[in-house]
Amino acid sequence: MALSLDRDALYRRLRRLYGTWERGEEELAGVDAIVVAVGVDEEIVYAKSTALQTWLFGYELTDTILVFCAQRILFMASKKKVEFLKQVAQGKGNEGGNGVPAISLLVREKTESNQANFDRLLEALRGSRGGKRLGVFSKDHFPGDFLRAWNECLSREPFEKVDISAAVAYTMAAKEEGEVHLMRKAAAITSELFTRFFKERVMEIVDADEKVRHSKLAEAVEKALEDKRFLCGAEPAAVELCYPPIIQSGGRYSLKFSVVSDRHPLHFGAVTCAMGVRYRSYCSNLVRTLLVDPGPEAQELYGFLLTLHERLLREMRPGTKLCDVYSSVMDVVKRQRPELLGKITKNLGFAMGIEFREGSLVINSKNQQRLKKGMVFSVHVGLSELQNRSGRRPEDRSYAIFIGDTVLVEEEGPATVLTSVKKKVKNVGIFLKNEDEEEEEEAKDEAEDLLGRSSRAALLTERTRNELTAEERRRAHQKELAAQLNEEARRRLTQQRGEQQVQRARKSNVSYRSPSLLPREPQVRELKLFIDKKYESVLVPVFGIAAPFHIATIKNISMSVEGDYTYLRINFYCPGSALGRNEGNLFPNPEATFVKEITYRASNLKSPGEAAVPALNLQNAFRIIKEVQKRYKTREAEEKEKEGIVKQDSLVINLNRSNPKLKDLYIRPNIAQKRMQGALEAHVNGFRFTSVRGDKVDILYNNIKHAVFQPCDGEMIIVLHFHLKNAIMFGKKRHTDVQFYTEVGEITTDLGKHQHMHDRDDLYAEQMEREMRHKLKSAFKNFIEKVEALTKEELEFEVPFRDLGFNGAPYRSTCLLQPTSSALVNCTEWPPFVVTLDELELIHFERVQFHLKNFDMVLVYKDYGRKVTMINAIPVASLDPIKEWLNSCDLKYTEGVQSLNWTKIMKTIVDDPEGFFEQGGWSFLEPEGEGSDADVGESESEMEDETFNPSEEDYEEEEEDSDEDYSSEAEESEYSKESLGSEEESGKDWDELEEEARKADRESQYEEEEERGRGRKRKAPGGRRGTHRPPSGPPKKKRK
């Protein structure tokens, strides 16, 4: 394939180089000509000469001499390279059009000494300006006969050589948009290689307790770069490493990029890793420290290092001197942790581009160069020789922390991070299990390996013992949580006690402020029904006077025809009539006299001399009242939706085209009746969704409570869900949950189509769907990483843990509920379900019985005025995993066999919080004989039962309110574990078992009646249905 040359980029960059030269910036001030000679040396990776060639032409041209004179440019190269450069030589003599001097090409002869060409070059140098001072790159030395001959010719001339490396580097430092794109791609590949390979590999090594040398791990990283999975779609030939990965641990650290990974084994402490990928000659760099079981002091130092890193990014603005950036960061160290001044890295970064490290643009205390928009830096900050006081072995006693990123200097604001790898402690920390847990798991694994089928009983005993140990550990933790729960709840309710809830009175709607506003229509004077649409009032005759009633006072109207008469009945709102579920009977003056209803009658017969039937007035009034009432209710509903809406800040639009953006998304809830596609774009302080019709929905970052990314694994849609702190208005309704999604497969399947497992069309369709899923997932992940980098990780997307998910019905249908790090969510079904874990007080499991397949989960909030959330029909198999998850989240849970009347319970608690906590607080939900409390005397459990047993009236009310769906299960719940018999009764036939079950039922009925009789003396904090503790043991038979 023929190589192509970007002529526009070449001319543009030549103009920039000549502009710097003409302005006389830095070393270029007294230079008469510039000479750049490039030879062949595979060992030289980075050189200023080759970097300038790559910057101008896009390729490295070996054995080439470039001479830049004031009036002309000369290239001397081999025949093939001259053919390549002819694409730009066509502009000879046309310097006015492209703004650069004329370009001449000289062909290098392989067999001859090239003296004639050298003479032409020397002649051009002598004729450029003064012809005395030459600008060269003094550090570049290439071997080879061709360059040796040229250097000898040049040395015989009386030229003065000046090193212009720093001036040219500063000219090339500000990157164009195309260069920034390449560096973004290089940074993305570096991030992918670190996250998906290196970090995962280190976790595997730590988990398996392997011994792997640093050098071997570095070689594995180099080999992983050949895998297309980590290349983000880039062509493999254009990707290479900037330097061999540097991996250090075990007390031996050198926080430089010139070192190599040693042959010592990886130590499970602080593991520093530096790696950089080069894409199409443009470099990137990433430094991270993985902390294995870090102590509090190490976490604190790491947090301080993150603070310095953020300060460094904030200071990197156009026009700022590099030494000022360094001083600003060092001031923070002097002010907050002066003891660390001797341990911090000597410089804080350097400029990057085609060369990995630009020595003239280093962030240190002496560099006076200023930052410019478009510069790309590798910034890093590290602490070495840190002491670990708790370390036992020599390699444990000393450690280092090193973090760094590739960043872009923006026109305004702080620098943007291109390597979007999260670096908080929770993202780089590898936390191991306790030794006790490991020993238990090892014992369990050994038992399963050693025992065969013949030792099944012993294996079951071993498994049961281990499970009991886990259950006891959970119970001990739950006991601690219970004490904290009651204490915190009592304190919180005491503080809230003085806050009185102000009841909102019903809005008083006055028809007319003064009699002068009454309409003067003929119908009013004739004492007919008249509807004033302007003031939304109905004027009706009462005792010969037109009396106005506002439309808001009318509850409903009805019209009927009986014989020769038409009747119009108007019902009004008054105390005692239902206003609605949430409004209540609230009137400004409930002691006043109210009109409840008025009925009017008119004849259907037309009398002689009358223009119309008298009943026509009632018919028109009925129609118009309905219209005005509908319009009024619509307006009131809209106002009610707007109530409590917090005014949001305005969205700050970023006009940069490189904003993170996702196209072809649907929004839920819909903006209009039909769903419409649109694009979601991230701006400075929020998202904007723009539909194809032009509708806009803005969501600010500071209003997002939970941002959830639901991948398409096992789902038909891929979702970005936002659960908001304050509701927003669109589509004339308020919404707290907004999500953007796209479909990844056919949601409907043609069942009539003949299916065959080897059908080529089906196989092709499946392959295409897999590819589309992967493509969509990559696009969404890329968008999320860019947004998190844009917001400096203030907005973090949570991904549900599908392995911890369980089925349940929070609404009418069953769905998969999945925990995230801070919530319990379901985003694929609509309406969505999002519960914040920090807002929960406790979780109660209802209908937990031996023979039932499902149970219910009640979520009680810390705000006792908020209605509890019910999740129904959860499979019993999910109970233990849910308990384990809740216990790990430090959430208190309880369980019982009955369903409780939570409305009455919460009302009782709010009315008398002190009395509730004096009687034990939430301990009434605890079952009898749990864990270590089983040996406590029966008096306590009996006292709890007597204290919280409901009255018979409450019990009956609860029976009426209970859901019919669970009636059959409630009947079955009377049969407890006691009726199932013990191990001694094995071998009996069904008749004997049924007879014993009947006896046990009669005995349990007698016990329940006795307990109910005692419970009538004392009342529970709410309508609790019977004793809700499961039986503590097998039934005891009465001796006859």
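This report describes the nonpolar cores, one helix pair and several strand pairings of a predicted model.

**Nonpolar cores**

The largest nonpolar core of the model holds 160 residues, and the residues with the most contacts inside this core are I65, F68, L125, W150, F198, M316 and F377. Helix α8 supplies the largest share of this core, contributing 13 residues. Leaving aside residues up to four places away in sequence, I65 touches V36, A37, L74, F75, M76, F118, L121, F146, L147 and W150; W150 is itself listed among the residues with the most contacts inside the core. Another core, which lies apart from the largest one, consists of 31 residues, including L662, I667, I699 and C712.

**The pair of helices α8 and α9**

Two packed helices are described by the angle between their axes and the distance between the axes. For helix α8, which spans residues 177-208, and helix α9, which spans residues 214-224, the angle is about 145 degrees and the axes are 11 Å apart. The crossing of α8 and α9 is right-handed. On the side of α8 the contact is made by L193, F197, F198, R201, V202 and I205, while α9 brings L217, A220, V221 and A224 to it. Sorted by class, the contact between α8 and α9 comprises nine nonpolar residues, no polar residues and one charged residue. F198 of α8, which takes part in this contact, is also one of the residues with the most contacts inside the largest nonpolar core.

**Two open sheets of three strands**

One open sheet has three strands in the order β18-β19-β20, paired in the antiparallel sense. Strands β18 (530-532) and β20 (545-550) stand at the edges and have a single partner strand each, so one side of each of them is left without a neighbour in the sheet. Neighbouring strands of this sheet are turned against each other by 30 degrees on average, with direction ignored.

A further open sheet, again of three strands, follows the order β21-β22-β23 with antiparallel pairing. Here β21 (554-562) and β23 (597-603) are the edge strands, and because each has a single partner strand, one side of each lacks a neighbour in the sheet. From one strand to the next, the twist in this sheet averages 15 degrees.

**Strand β28 and its partners**

Strand β28, residues 704-710, is mostly covered, with six of its seven residues buried. On the antiparallel side of its pairing, β28 is joined to strand β29 (residues 717-730) by six bridges, and β28 and β29 form a hairpin with six residues between them. In the turn of this hairpin, G714 has a positive phi of about 75 degrees. Strand β28 also pairs with strand β31 (residues 797-798), in this case in the parallel sense and over two bridges.

The table collects strand pairs from these regions, and the residues that stand opposite each other are given after it.

| Strand pair | Sense | Bridges |
|---|---|---|
| β18 and β19 (residues 537-542) | antiparallel | three bridges |
| β22 (residues 565-572) and β23 | antiparallel | seven bridges |
| β28 and β29 (residues 717-730) | antiparallel | six bridges |
| β28 and β31 (residues 797-798) | parallel | two bridges |

F530 has L539 in β19 as its bridge partner, and L568 stands opposite Y600 in β23. For the strands that pair with β28, the bridge partner of Q710 is V719 in β29, whereas A707 stands opposite F797 in β31.

How values were computed
Residues numbered from 1 in each chain as written. Predicted model: local features only at pLDDT ≥ 70, side-chain atom pairs only at ≥ 80, totals over all residues. Heavy atoms only, no water. Pairing = 2+ DSSP bridges. Helix = DSSP H or I, 4+ residues; strand = E, 2+ residues; numbered from the N terminus. Axes fitted to C-alpha atoms, helices over the stretch in contact; angles between N-to-C directions. Left-handed = near helix turned anticlockwise from the far one by under 90°. Contact = heavy atoms within 4.5 Å. Nonpolar A, V, L, I, M, F, W, Y, C, P; charged D, E, K, R; others polar. Buried < 20%, exposed > 50% of the residue type's maximum accessible area, 1.4 Å probe, protein only. Core = buried A, V, L, I, M, F, W, Y, C linked by side-chain atoms within 4.5 Å.
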